[in-house]
Amino acid sequence: KTHNENKTSINTNLLSKSDELEAIKQKELEAKKELDNLQETKDIKVKLSSELELIKHTLESNKQQQTKLSNELLELQQKQKELVVLEPVKIEFEQLQVKLKEQQQLKEIQLKKDGLNKEQIQLREQYTKAKNDIDKLELEVKDYETLKSKQQELQNELEKVQTNTKDLEVQIKAINSLISGDQKIIDMTKSQIFQIEDIGKGSNCPTCTRPLLEEYDKVIANLSNTIQTLQKEKIDKHTIELKRVENLKVTLDKQKDDLQNQIQELNKQITIIETKQKDLVNVNAHFKDVEAKGKKNKEELEKLLQYSYDEKLHQDMKDKEQTLKPKYDEYQKLHTLIQRVSIVQKDLEEIKKSIDQNIEAFTNKEVEINAVVYDETNHKIKL
């Protein structure tokens, strides 16, 4: 009974505690849900605050950039004013450059004229020399055809003499052959006389083998007469004829030598003239080249006569160029700088748009932040 009473009491207490527990759990769930809402609201507010801070930072950076660009624009605008002041210098310098270019061209033309004039003087000298050389060479070669004709005549005459000389040599050889034959007969006859005299009157004839006896003197006389007849009638005549032919050959040989000497001397003269003829061809070609070049130079000089070059004027322009150049360089530098004006102006417009957009975004973000209700104290209590 006691246990049952305790059990009943415990169960009653258990039910009560269970209800209490359920109530607490329900309260916890509600509190957790409310805490989650508060945390979510806090996160939103923190995020919006970060975004607002970022917009603020960007806005400040934009304003700094705007200030920098504005200052740069002011400087560039000042440079524009300086550029306007230097504009006349730029115009004068560029005009001067054109004139200097013209002067340089005139100088080159003048140098060409000077060169052509100098060359003309040399060509005139070459022209005169070539003309004199031509006249001299033409005079020296004028007898060429006459000499060639004479050379041919002498050559023909020499050939005729050589032919006659050969004929005489044939005759001399033939006469010598005849004399030699007769001399052999005489030698044989003398040999017979010596042989007969040697064997005496009582011997036999060496020819017919009969005893000589009283015929001895007769045979000796006949043989001696044969020798004398051959000597006088043949050898002496042949010798006279040989002498005549040899003398004639000597005359022809001398004539041949004279002709050969004349031809040799004539050949020298003709060779010299032929060399001079080649020289004449070369000199004529050179003369024509000089003449053609002289005419061409003269035509070029006539074309260039319209141009006049003033060295002092050119130098004055160069001096003025050196004076203007620093200012022109400054103008070019400024001109390059002010090319940024349009870029800076465009950047300023972009920055201004960005600033306006960021101001609007900043305002909207503040409104958005203010619309978010967050109670930090309540949040801590709920935690």
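In this predicted model, Tyr 328 counts as buried because its relative accessibility is 14%, which falls under the 20% limit used for that label. The residue is a useful starting point, since ring pairs link Phe 93, Tyr 328 and Tyr 331 into a cluster. The points below describe that cluster and then turn to the protein chain as a whole.

**The aromatic cluster**

- A search of the whole structure finds three aromatic pairs, and one of them joins Phe 93 to Tyr 328 in a stacked arrangement, with 4.1 Å from centre to centre and 20° between the planes.
- This pair links distant parts of the chain, as Phe 93 belongs to helix H1 (residues 2-141) and Tyr 328 to helix H4 (residues 311-337), 235 residues apart.
- Phe 93 is buried, as is Tyr 328.
- Tyr 328 also forms a stacked pair with Tyr 331, where the centres are 6.5 Å apart and the planes differ by 20°.
- Both tyrosines of this second pair, Tyr 328 and Tyr 331, sit in helix H4, three residues apart, which is about one turn of the helix.
- Tyr 331 counts as buried because its relative accessibility is 4%.

**The chain as a whole**

- The protein chain contains six helices and zero strands, giving the pattern α-α-α-α-α-α when read along the sequence.
- Of the contacts in the protein chain with a separation of 6 or more, 92% are between residues 24 or more positions apart.

**Burial and surface**

- The protein chain has 383 residues, of which 24% are buried.
- About 27,700 Å² of the protein chain is exposed, and carbon and sulfur atoms supply 52% of that area.

Methods. Residues are numbered from 1 along each chain as its sequence is written. This is a predicted model: local features need pLDDT of at least 70, side-chain atom pairs count only at pLDDT 80 or more; totals for chains, interfaces and linings use all residues. Side-chain values use heavy atoms; hydrogens and water are left out. Helices (H or I, at least four residues) and strands (E, at least two) are DSSP runs, numbered from the N terminus. Buried means under 20% relative accessible area, exposed over 50%, partly exposed in between (1.4 Å probe, protein chains only). Contact means heavy atoms within 4.5 Å. Accessible areas come from the Shrake-Rupley method with a 1.4 Å probe; for residues, only the protein chains shown count as cover. Rings of Phe, Tyr and Trp (its six-membered ring) pair if their centres lie within 6.5 Å; planes under 30 degrees apart count as stacked, over 60 as edge-to-face and the rest as tilted.
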